[in-house]
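Here are my notes on this one, as numbered points. Have the model open while you read.

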Amino acid sequence: MSDYFLGIWAGCSKPFQFSENQKRMFNLQTTDGEADRKVPAQPVIFTASTTATNASNTSTVRYNLRKLSELPFQLIRSQREDDLYTHVLFNYDFIHAKLSSMPLNSCIFDYENSFDYYHDKEVKLMSDALRLSSSVLAADPNNLACQIIGRLIPFYTTCRKIASFIDQCESNGLQHMALVPAYNTLASPGGPLVYSLEAHQFAVYGLEVVSAGQHLLTVSNKFIVFDLSSGDIVRIIDPRIEGIMTYLSVAPDQRYCVAITISNQYIICNLLTGDFFLRDYQAPGNSNKNPTKSAVSQPPAYPLLGAAVSNTHFALWTSKMYQVYTNKGELLATQPTRYQIIQIEVLPGPEIEIICRSEDVRDDQEIARDRLTINYCFVTNPDTDDNSTEQRCLTGGFKNIHSALILTRDKRRMYTCCEINDNNVEVYVNRPHPVNYSTERVWAFDHQLFENKDRIFAFMLSNDENYLMAVTFKGFKIFSFRSYLWKTCVLPGSVRNIMSGTKRLTYTAAFSHDNRYCIACIKSIVYIFGVEWGELLTSLDLHFGRILVLKGLSSASGGNNYVITTGMDKTTKVWNLENAREKSISISQMDKAIEMLHISTETPIILAQTRTQLCLFDMKTGLILTQLSANQHGSMYQCTALCANGLFAAAAESGNFVIWDMEERKPTFVTPVLNIYQFLIHTAETMILVVSHESLSSGAPSASNNANANSAQAGHIVRAASYAIPDGDVVYKISFNIKRMNLPKQAACTVDDTYLIFIEEKKNNDVLSLYDPITGEHVHNVKLNYNNYKDITSMVIIPKQPFLIGLIDVEKGVVMNVRDKKVHLILPKWSGQISYDGKYGLYAPTRGGLEIFEFRNGKVVRTLIGKVAEGVFDVITFFTPTNNHVIYYNKGKRTIRVFRTKDGRQIADMKCPAKVRQAVATQDGQALVVGYEDGAVQMFLIADPFEPENVEHLKQWRQQQLEAMAVDPAQQETIDQYIEPSVESI
């Protein structure tokens, strides 16, 4: 059967052996024979061309599903290891076809199924790489080559089969994805990260593990259920809400859940069927059941803070009021409270457990002790017959506790801090009242757990309730109920636990299901401590936004020692704690979002700037070469510039203008200049124009009540100074005032350094003020009085036209002849993108679509993306310097698409790991450098399969890179240490 599905004997004769009886019967000379068995060929893809019209041909693609499903099974069972690796597990065409026609889980199963017969580290690496890429590959299998190369390129020199697969990705895979990572750009497999689930468009505020640990329920503006075994999306429930959901609570039987939204709505969702009810929260006394659209946009007077769910009832609460409902959404009771509600839990009965403050405290108010109270009450259902005389026990309140508390699962023990014993941790038990023992129970002091002098923010219990964690300012204290000893876990350096915002009793911390690890999340970093000794094992920093929720898998999930985190970066990450100590392959990354990106045409360097960092990247390896800072205590950066030859750079650094010598990595000139908002290198890169602004009202104090209004109308003074590079000598200065504009517009220098152009105000009208770039002398002004004039948002240089400048507003683009002072051309479909030869422009509206038009007359010559409704999102689009390709990025879809300008064909559609902030192409048009919101800087080679020079450039690039990897012993040692744990874990 393996030969059949491989198609070895299709269209050719298959040898066989005659028996001796057959030899005598047929009078044969030998027992060897061969014959055509008439078996069909077994390609992976069947392609049938159909001619719809004489002008257009289309092709229908069908996948050989039987081969895709049966061939791995037959090769594994027949123990044909080489054929399994060659034709299935490390065959790009086979894997891509299977991902395109079958669920990702079936593809991962082929790798895992081979573990029963062959223990190969490369198979494990491929399987883990597919898991890490699950959210991307499940949506678009064409990203297979980009994902595998970005994760497995460090193993090229040590893993022969992975090297073969990467070679296929860079040859056969170019038909599906022409953007090839230049180096290691994504998290490599084998470390603690198992999945990175990226299906949500907004921050994920709710997370629960359901279906006995098999599925993962996450909420943002949608309910999305993931399969934890493969990372596939099981179900998407879209309630079509305005805003996002901020709180999620799931019933103990996991049949339904309740979520609240930022617009004061609550959703009751049936997790079995996917049905849901969306309702507006109605506070008592508010009879407006149909709020107007303007009322909905305003902040609610009584915002919902949380929800608690039991199998039959649920409760919603605001700051000082809670309401109890049935699971069908019927309101049973509304009860106000005197002080702020911290937490509510719905118990059987239904009995409501309410934890409140015992005094009025603002959320931003700092107090030494946060005094709490715990109360209980029963809620009756008027629709049920409740005339029975059965007595129900009420649990009495306790009012001398503070800071934090937590109750066991059976509600019989409480751990908290008592007023008379400072911050010592004490145990209270729920006992019958000494007098009303049949109807009431009270919390009674049992014993002191351990002495503590640090302020406690929250308590956390392990799943088996054998360990108690106390969150303190400098770390965590873990108490074992088995040994009655406690360990202190100290946070590193200046990291501290800080509780801000609304008071809560929980914290982003948890125990692993086997209680070997303590996991805590602070900002965007996951810290893992060993419970036995309290030492910090490792820290994981793959989230680039604040972590919102942390959940640990219980022991009922099959024994997987996993924890799950969600963050403001819209991702949900699954971590394997067993691999927490493994040494990972580092990826160079900056701390904050990339704001500016520059590349050199002559030296292989990338200059990237964030709000607090200025770093130099090596274009060949993607590693940070150095960090530039003129202040040893750190700086804040406003804008930067880099000469094309890469010799000098400029930075606006904490109120200073700094010129850097890039070879020496040191500043050559520093001078104080405040509020710099633009650098403009001109005059053959011998001078740099520094443009800054200052409020005109800053030095004129006003005693009137309308000081703010007068300040807004006073305007700004714009100062521009041209400095020599690199000495910093001042060549000339220009200054002018603006009043109508909120902020000054950026200046421009036309081709061949003919004119230096500013947008100024003359007699309350906007004008183009032209200066000589070399001497700074004023040439003349150009009035902007053409028809349908709108405020200009930017100016665009027109290639090969020294007297033309493009003026872009919100509706159109106007090409102005500044020498003749007249309008040269009006382009209604132009937003500023133009080819480097000046022949074509791009029309890319924010609502979707992309067209190429002739710049001389505005006629559309090619439609790259039709006018489809993709939502209103910002886009980044431009021509490459060679004009061979068009780059298009949509922030809503978060994909980079590459189009060939010759025929308009799309050659790449790559899913980005984070939002793109900056993108620029190299001068030869063969590479694209991208800066992301998470601080990463990546480079991709544009390997157009129909451009032989691009494919050859890819081969040369990879050959040079592999030679550098082979002679780098430090990197090779890291890779070798990184692979070994994967073999042992199989």
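1. Start with P726, which sits in the loop between β48 (716-724) and β49 (730-738). Strands here are DSSP runs of E with at least two residues, numbered from the N terminus. The peptide bond leading into P726 from I725 is cis, with omega near 10 degrees.

2. Before going on, bear in mind that this is a predicted model: local features need pLDDT of at least 70, side-chain atom pairs count only at pLDDT 80 or more, and totals for chains, interfaces and linings use all residues. Residues are numbered from 1 along each chain as its sequence is written, and side-chain values use heavy atoms, leaving out hydrogens and water.

3. Have a look at Y484, in the loop between β29 (475-480) and β30 (486-490). Y484 isn't a glycine, yet its phi is positive, near 55 degrees. With 43% relative accessibility, Y484 counts as partly exposed (buried is under 20% relative accessible area, exposed over 50%, partly exposed in between; 1.4 Å probe, protein chains only).

4. N675 is another non-glycine with a positive phi, about 55 degrees. You'll find N675 in the loop between β45 (666-672) and β46 (676-682), and its 44% relative accessibility makes it partly exposed.

5. Now the inside. The largest nonpolar core (buried Ala, Val, Leu, Ile, Met, Phe, Trp, Tyr and Cys residues joined through side-chain atoms within 4.5 Å) has 66 residues, and L144, L152, F165 and M939 have the most contacts inside it. A second, separate core has 23 residues, including M177, L179, L928 and V930.

Notes
Helix = DSSP H or I, 4+ residues; strand = E, 2+ residues; numbered from the N terminus.
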